[in-house]
Amino acid sequence: MALIIALLIPYGVFIWMYFKPKESLLVGSRGIYKEEPEITESAIKNTKMKALIAIIFYPILYIIIFVCILSY
């Protein structure tokens with residue numbers, strides 16, 4: 001059960017990155033700027049695309065891993 005919860009945390013981060021790309025780009029670096037930096041539209045699209053790819057392939061990867069482990 002703990003393993004499933006541990007694997008869902010990154011999946012939740014990917015979903016958050018998809019729906020809030022601007023905030024996810026500023027995590028950890030918001031304090032070094034006096035004003036909020038301007039994030040380009042291409043950076044937002046890039047972040048959303050990476051998150052979408054991860055949302056699609058993350059479950060597929062873990063299904064393959066679990067099937068391989070259970071087959072031994």
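Biologist: Is Thr-47 buried or exposed, and how is that read?

Modeller: The general idea is a cut-off: a residue is called buried when its relative accessible area is under 20%. In this predicted model, Thr-47 has 8% relative accessibility and therefore counts as buried. Thr-47 sits in helix H3.

Biologist: Which residues does Thr-47 touch, beyond those up to four places away in sequence?

Modeller: A contact is read from heavy atoms within 4.5 Å. By that reading, Thr-47 touches Met-17, Pro-21, Ser-24 and Leu-25.

Biologist: Take Ser-24. Where is Ser-24 placed, and is Ser-24 buried or exposed?

Modeller: Ser-24 belongs to helix H2, residues 21–26. Its relative accessible area is 15%, so Ser-24 is buried. With residues up to four places away left out, Ser-24 touches Trp-16, Met-17 and Thr-47.

Biologist: What about Lys-48, which is also in helix H3?

Modeller: Lys-48 counts as partly exposed because its relative accessibility is 30%. Outside the four-place sequence window, Lys-48 is in contact with Tyr-18 and Pro-21.

Biologist: How many residues apart along the chain are Lys-48 and Trp-16, and what separates their C-alpha atoms?

Modeller: They are 32 residues apart along the chain, and the C-alpha atoms are separated by 9.8 Å.

Biologist: Which residues make the nonpolar surface patch?

Modeller: A residue enters a patch only with over 30% relative accessible area. Here Met-49, Leu-52, Ile-53, Ile-56, Phe-57, Ile-60 and Ile-64 make a nonpolar surface patch of about 640 Å². One of these, Ile-64, lies in helix H3, residues 41–71.

Note on methods. Residues numbered from 1 in each chain as written. Predicted model: local features only at pLDDT ≥ 70, side-chain atom pairs only at ≥ 80, totals over all residues. Heavy atoms only, no water. Patch = residues over 30% accessible without salt bridge, like charges linked within 9 Å, V, L, I, M, F, W, Y side chains within 5 Å. Areas by Shrake-Rupley, 256 points an atom, 1.4 Å probe, with all protein chains shown as cover. Salt bridge = Lys/Arg side-chain N within 4 Å of Asp/Glu carboxyl O. Helix = DSSP H or I, 4+ residues; strand = E, 2+ residues; numbered from the N terminus. Buried < 20%, exposed > 50% of the residue type's maximum accessible area, 1.4 Å probe, protein only.
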